[in-house]
Amino acid sequence: MGSSDIYEPQIIENKWLKIWQEEKIYSLKSDNYSSKYYVLEMFPYPSGEPHMGHARNYTIGDVLARVIARRGYDVLHPIGYDAFGLPAENAAIKSGIHPKESTMANIDKMRKALKRMAMTYDFEDEIITSDPSYYKWTQWLFLQLYRMGLAEKKEAGVNWCDSCQTVLANEQVISGRCERCDSIVRKRVLSQWFFRITDYAQRLLDDMELIKDGWPERVLTIQRNWIGRSEGARVDFRFDDGSDNTIIPVFTTRPDTLYGVTFFILAAEHPLVDSIVTGEKEKKEVARIKALITAQTDIERGSAEIEKIGCFTGRYVINPVNDQRIPVWIANYVLLEYGTGAVMAVPAHDTRDFDFASKYGIEIREVISPDGKTHGTLSEAFTGEGIMVNSGPFTGKKSDDGKKEIIKFLEEKKIGNFEINYKLKDWLISRQRYWGAPIPVVFCEKCGTVAVPESQLPVLLPYDVDFKPTGFSPLLYKEEFVNTRCPSCGGAAKRETDTMDTFVCSSWYFLRYCSPHLESSAFDREKADKWMPVDQYIGGIEHATMHLIYSRFFMKALYDAGLVSNKEPFTKYYPHGVVTLGGQKMSKSKGNIVNPSEIYNKYGADTLRLYILFIGPADSIVDWSNKGVEGSHRFLKRVWKLVTDNIDFIKNHAPSGLSHIDSGSMLKNMYSQGKLGLQEKEVYKKLHQTIKKVSGDILDRFNFNTAISSIMELVNMMSKYNEDIKAERRQAVLVYESTVKLLVLLSPVAPFITEELWHKMGANGSIHRVPWPEYDAEIAREEMTTVIFQVNGKLRDKIELESGTSADELEKVALASEKIKKYIEGFQIVKIITVPDKLVNIVIKQ
């Protein structure tokens, strides 16, 4: 055996894949119901073979799940497929292969790859969102929201992609383009189904308190900004001639500037525009400007840099605080979907209004001054707070006080009120495409809109449909689907032909995993109460404003309906980083991609798993390197040689009957009795330090790369011990114990090689059923050293830290020092010089 025993990953891995399948080693469930742990990675869209982003995401979750299970937890670690959606349908249009067939074929490819990478999923419990047994319950959940008044159909200006021929949610429009096909998105008015997520805007904010300890602050900040809570006033404006009693409300966060309103703007799409313009001259000009505005994307219109265009409508409104006539304009920088679609323009104190007024010669009236004085002609807008001027009885008041008093005045006069506004809009779920869950609603001339009874679910998606995009749902042309009977009166009715946004399917899938085969309900309440909330959720940060917000909304709505016991779906969320190639995000469409199969077919899945975790911090963007893959493979070869050499040694020198069950206690007794030499003590100490480091890095810090680095250090020390100490003088129990623990520590990352070596050592059972090792805190204690902190070379603080603390960690500790903060606050840091175990010198520009 020994070094002549060659590491052959393909043979080893194929061998253990078969054995594990037979013995169900993949399942991490146990009968220990006292301590559960639910690990979940965002499930994949099945586009075929997984990409490296999938490999990274699922390996992170897999390693975590394996370690937690071996610490005595009953672990739920499921997998499924987000199978509906535009990509499959678009691919089907090009290939002619039905999306159901291509989706199932892709799922089969993905399933095989996940098994090949040794992911610990109960594959018999997987869910597929396009299967009727799943989308029946998606439709059922739609009905629950409908009954709660949270699902409604209404006319709305929507984002339309001409290429995909469907509506997009706001979150699916990136820089004015479709996130799927990158085509320019335009506005279109359609009757659409929405979920009233705005009813939950404040709770989505308030309940961040429940998850703040487990979610990255940057993700919560993204969600706060997307929800966009702002306080201010609703102010009611009316037309000046009394011919129309229509109230045009505006929302403003700056009611203290009301006296500075010199014009009023309606969005070009505002429903009042066409009705209020009466003069022929104005009609022509409004039509011309509307055409120009309509050709611009919302992103362009919202940009501060775009040229402001607009025109006067010929009408006026009355400013309710001073009764002045204000001209009504349309302008490109006011959007219908933001606020009320109407804006009171205060050019002296808003940059965009200032630019517009300057271009069109509209009055600019100063009403807020930084010093309480008026300044004549302004060269730019003053957007800060200050002292109110030219503001009638409110002149001389500070902005904060003025806001409150003007709101009080508006409320007393019944011309406005305090109001909280949100940027968040209702969730548009209608899609004019085929490959999605049908919306369970029918339309009856006598009864109106009628929900499909639960007993008639699922409303099946027909197979034989011409799904080429026309701008209308393909289901509209399937008469056998459309024509039905009204559930209320029995008369003729027509089905809704739009399908649901695929994000609806993914907003509750974590609940279905709790009881994936249940036929009588969406999920078993008792099992959902056991497993929910998800303890650790893992997936890309790009879902912060879509999937993660939608899932939180769903959970709150279900909580209000009394269907679940938790208000939040995910206790902890970890956003993994992107894997790039040559600095560019890997993309099948761009051809710059490395498939996981290329790596595991050549080097083995253990090498892939090791490298994808070792490549860098799990939450950072990392660039793929084939040299790095080779380096990881060489490390596994070193482990193979070290362990096989040790196995030969143990057979010849270890006490008979020695096992991993008692070797730890035997070695500890030898250590405490002083029976270990100096180098042996170092190896033993390093072993416990490694157990501590690996455990903390995986369970507490998600620093998989540094966990692997510490294992590499242990391998180096064990190898050096073998080199320095002749066989007859080596401590056999130490060699045995360190080899056993090395394999156990490495096994979640590299499950195949460690299982093979475990059995070569003569151990019984699978290494993946061996409990996770514990460390002795006293033995693992690091040596301490004093590190001094300097600012521009002058001593400002010093602290005791563990020897070997990394440079990055030293910088963090230094910058967090209260003493250091006093000397660097307000100054630019030029550079930071770090000398490990000695000093950190922060150089600032004074």
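Which residues does Ala-55 touch, not counting residues up to four places away in sequence? I looked that up before anything else: Met-117, Met-119, Pro-596 and Ile-612, where contact means heavy atoms within 4.5 Å.

**Ground rules.** I am working on a predicted model, where local features need pLDDT of at least 70, side-chain atom pairs count only at pLDDT 80 or more, and totals for chains, interfaces and linings use all residues. Residues are numbered from 1 along each chain as its sequence is written, and side-chain values use heavy atoms, with hydrogens and water left out.

**Whole chain.** I checked the overall box: the C-alpha atoms of the protein chain fill roughly 105 × 80 × 45 Å along the principal axes. I found 29 helices and 34 strands in the protein chain; these are DSSP runs numbered from the N terminus, with helices being H or I of at least four residues and strands E of at least two. Of the 846 residues, 54% count as buried (buried is under 20% relative accessible area, exposed over 50%, partly exposed in between, with a 1.4 Å probe and protein chains only). Of the contacts with a separation of 6 or more, 72% come from residues 24 or more positions apart.

**Domains.** The domain assignment gives domain 1 (3-129 + 506-540 + 575-602), domain 2 (140-196 + 426-503), domain 3 (230-420), domain 4 (625-780) and domain 5 (784-845). Such bounds come from an automatic or database domain assignment. I also looked up one pair of centres: over C-alpha atoms, domain 2 and domain 4 are 58 Å apart.

**Helix α2.** Back to Ala-55, which lies in helix α2. It counts as buried, at 0% relative accessibility. Its C-alpha sits 9.2 Å from that of Asn-595, although the two are 540 residues apart in sequence. Asn-57 is found in α2 as well and is buried, with a relative accessible area of 4%. Leaving out residues up to four places away in sequence, Asn-57 touches Glu-41, Met-42, Ile-538, Gly-539 and His-576. I then went over the whole helix: 18 of the 18 residues of α2 are buried.

How far apart are the end C-alpha atoms of α2? I get 25 Å for residues 52-69, which agrees with the 26 Å that its 18 residues should span at 1.5 Å a residue. The expected span is 1.5 Å times one less than the number of residues.

**Helix α24.** Met-712 lies in α24 (residues 704-724) and is buried at 16% relative accessible area. Beyond its neighbours within four places in sequence, Met-712 is in contact with Phe-614 and Phe-635. Its C-alpha is 42 Å from that of Gly-826, 114 residues apart along the chain. Ser-719 is found in α24 too, buried at 14%. With neighbours within four places set aside, Ser-719 is in contact with Arg-638 and Leu-642.

**A helix pair.** The axes of α22 (residues 663-672) and α25 (residues 732-746) come within 9 Å and cross at roughly 130 degrees. I note that axes are lines fitted to C-alpha atoms, for helices over the stretch in contact, with angles running from 0 to 180 degrees between N-to-C directions. α22 and α25 are therefore oblique to each other (under 35 degrees is roughly parallel, over 145 roughly antiparallel, 65 to 115 roughly perpendicular, and the rest oblique). On the α22 side, Ser-663, Gly-664, Met-666, Leu-667 and Met-670 meet Val-733, Leu-734, Tyr-736 and Glu-737 of α25.
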